[in-house]
Amino acid sequence: MIKKKYKICVVGLGYVGLPLMLELSNFFDVIGIDADRNRVNELKKSFDRNLEFSKKKLDRICKKVFLNDKKFVLKSNVYIITVPTPVYVNNKPDFRSLLSACKYVSKNLKSNDTVIIESTVSPGTVEGPCKKILNLNKINFNLCFSPERINVGDKEHTLSNLVKVISSDTKAGLKICDEIYNKICKKVYKAKNIKTAEMAKIFENIQRDVNIALTNQGSVIANKLGISFTDVLETCSTKWNSLNFYPGLVGGHCVSIDPYYLIDDCKKKNIDSSIITLCRSYNERFVNLVYNKIVKLIKKIKKPKILLVGLSFKDGVVDFRNSKYIELYKMLKKLFFVRVLESEQPLKKSGIKNVKLDNNKKNLGNYNFIIVCSINYFLKKKIKYIFSNRIKKKYLLNLSSKFKYNKNNTNIKLINF
Ligand SMILES: NC(=O)c1ccc[n+]([C@@H]2O[C@H](COP(=O)([O-])OP(=O)(O)OC[C@H]3O[C@@H](n4cnc5c(N)ncnc54)[C@H](O)[C@@H]3O)[C@@H](O)[C@H]2O)c1
C-alpha cells in the first residue's frame, strides 16, 4: 500500500544519498539522480567510489540511477535532496549545489508533491532561498526538512538504527515524512518546526567542535605542565558525567564546516557567536601546533624517517575531504623525509596527488618516527608491521582515538601533545 503511495526521487547520491536510496529501495519505488556523470556511470556499473557498498548491494539499484539532465523524475511524488553544502575558501557558505538541486526539482514539481531537504543548512534556509526557488511555478507542495545524522564509516550508528528528526511546513508533509522515515529508521522525532530542526542539526556539530577545541587546549596545557593528557582523560572518565572527547585534528565535511553556516548567519544578523568562532578557529589552527611540536622533537632525532599512518579525516572511513592530516603531511614533507601508509586506489580516486606512499610491509619497520593520524580496516592490518623491531626505538605520536598501541612495548616512546 505505502509502496505504491510514494514514488521517491533522491537527488545527490553521495555519502548520504546513496545509503538512503538503498534503504528506501527496500520499501518504496525509488530512483536516484546525480549531477556528476562519472558518479552516475560508476553506480550504473554497481561501483561505489566511497567503498561503502559492495557490487552485490548496488546491483539492486544500478538501473535506477540517472544523470540530472533527463526528465525521468516526472513520475515521482517525493523528492529528497541530499546534495553537498560546503564552504568557499573564505569559509562563506556555498549554496550552489543546494539551490541548483532545488531548481531541478522545481521544474518537475506537481501539485501536492513533497520536497524533503536533508542537506545541512542554517536556520531559515529551507523556508527562505530553497522555498523561493521550489516555488517558481507557484505549485502547492509540502516542504520538509530532515537533517542527516549518519556518521560515515560508523557501523553502529547507521540510518536504520538512529532517531531521525523530521519537520515540515504542513501537517500532510509531516505525516509523509513520518511514514517514510519510520520504515527505514529506528524512530522519528517530530521537531516543532523547520527552523528548530535546522538549528538542532548545526548545533549538534558545533557542540562537538567546541568540546574538541577545549580538549585540544587542555592537552597543550597539560603537556606544558609536564602531565600526560592521556592519563588525565583516563582519570576524568571515572566521573559519571565526564564527556568522551579526545584531542585531535578536526577535518571532514560536517564538524569543520557546519559552524561556519551559523557564524555567517550571526554576522549578517549582528548576533554574537564569539565562542563558536573562537573554537572553530582554534581547531582550524591546531594543525600548526601539532606541526611545531613535531618539528621541535624531530630536530633532536638523528636521521628521522617519518611514517604518517592514514590520511582520512577521521578513523574508520576512507574519506579525505578537508582532511587536516593531508595538510600536516604537506607541511612536513617540505622539511623531512616522510612517507604515508594509506590505501592507494581511494586516494587516487579522490584526486589527491603527490603523496609518497609506502605500503610495503617489509619497509614499515624501518621508520623511527610514527604519526598515527587515522586508521581503518586496511591500515589496522598493516600497522603491526611498523612495530616489528627493525629500528628499535620509535617515537609515536598517536592522533587517533581508535589506535591502541602496546603500552608494554618499551621501544615505543610516546609523544604527548
Ligand atoms: N557525509 C556525512 O557523513 C554527512 C552526515 C550528516 C550530514 N551530511 C550533510 O549531507 C549533505 C550531503 O553530504 P554528502 O557527504 O552526501 O555529500 P557528497 O559530496 O558525498 O555527495 C553529494 C552528491 O550530490 C551530487 N550533487 C551535487 N549537486 C547536485 C545537483 N545540483 N543535483 C544532483 N546531484 C548533485 C554530487 O555529485 C555528489 O555525488 C551535506 O549537506 C552534508 O553536510 C553529511
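**Ligand shell**

I looked first at which element gives most to the shell around the ligand: the largest share, 4 residues, comes from α5. For the element names I followed DSSP runs, with helices (H or I) of at least four residues and strands (E) of at least two, numbered from the N terminus. The model is a predicted one, in which local features need pLDDT of at least 70 and side-chain atom pairs count only at pLDDT 80 or more, while totals for chains, interfaces and linings use all residues. Residues are numbered from 1 along each chain as its sequence is written.

I then asked which residues come nearest to the ligand: of the 29 around it, these are G12, G14, V16, D36 and S119. A residue counts as near a molecule or strand if its C-beta atom, placed from the backbone, lies within 6 Å of it. Two or more residues of the shell are given by β2 (29-34) and by α5. By class I noted 13 nonpolar, 11 polar and 5 charged residues in the shell. In this classing Ala, Val, Leu, Ile, Met, Phe, Trp, Tyr, Cys and Pro are nonpolar, Asp, Glu, Lys and Arg are charged, and the others, Gly among them, are polar.

**Helices α5 and α6**

I followed α5 further, to its packing with α6. Helix α5 (residues 96-108) packs against helix α6 (residues 126-134) at an angle of about 35°, and their axes are 8 Å apart. Axes are lines fitted to C-alpha atoms, for helices over the stretch in contact, and angles run from 0 to 180 degrees between N-to-C directions. The α5 side of the contact consists of L98, L99, C102, K103, V105 and S106, which meet P129, C130, I133 and L134 of α6. Contact here requires C-beta atoms, placed from the backbone, within 7 Å. I recorded 8 nonpolar, 1 polar and 1 charged residues in this contact.

**Positive phi**

I searched for unusual backbone angles, since most residues other than glycine have a negative phi. S46, not a glycine, has a positive phi of about 60°. I found S46 in the loop between α3 (37-44) and α4 (55-59). S46 counts as partly exposed because it has 18 C-beta neighbours inside 10 Å. The scale calls a residue buried at 20 or more other C-beta atoms within 10 Å of its own, exposed at 12 or fewer, and partly exposed in between, with C-beta atoms placed from the backbone.

N112, also other than glycine, has a positive phi near 70°. N112 sits in the loop between α5 and β5 (114-117). With 13 C-beta neighbours inside 10 Å, N112 is therefore partly exposed.

**Sheet of 8 strands**

I traced an open sheet of 8 strands in the order β3-β2-β1-β4-β5-β6-β7-β8, with mixed pairing. Two strands pair if DSSP finds at least two bridges between them. The edge strands, each pairing on one side only, are β3 (65-67) and β8 (187-190). The twist from one strand to the next averages 25°. I checked β2 and β3, which run parallel and are joined by 3 bridges. D34 has L67 in β3 as its bridge partner. Helix α3 packs on this sheet, touching β2 and β3, and its direction makes about 155° with that of β3.

**Sheet of 5 strands**

I traced another open sheet, of 5 strands, ordered β10-β9-β11-β12-β13 with parallel pairing. Its edge strands are β10 (338-341) and β13 (412-415), each paired on one side only. β9 and β10 are joined by 4 bridges, and V309 has L341 in β10 as its bridge partner. Helix α14 (residues 377-386) packs on the sheet and touches β9, β10 and β11; its direction makes about 160° with that of β9.

Which residues of β11 (residues 369-372) are buried on each side? I found F369 and I371 buried on one side, and I370 and V372 on the other. In a regular strand the side chains alternate between the two faces of the sheet. Strand β9 (residues 306-309) runs parallel to β11 over 4 bridges, with L308 opposite I371. Strand β12 (residues 394-398) is likewise parallel to β11 over 4 bridges, and L396 is the bridge partner of I370.

**E327**

I looked last at E327, which lies in helix α12 (residues 324-333). E327 is partly exposed because 17 other C-beta atoms lie within 10 Å. The C-alpha atoms of E327 and V287 are separated by 7.7 Å, although the two residues are 40 residues apart along the chain.

Methods: Two residues are in contact if their C-beta atoms, placed from the backbone, lie within 7 Å.
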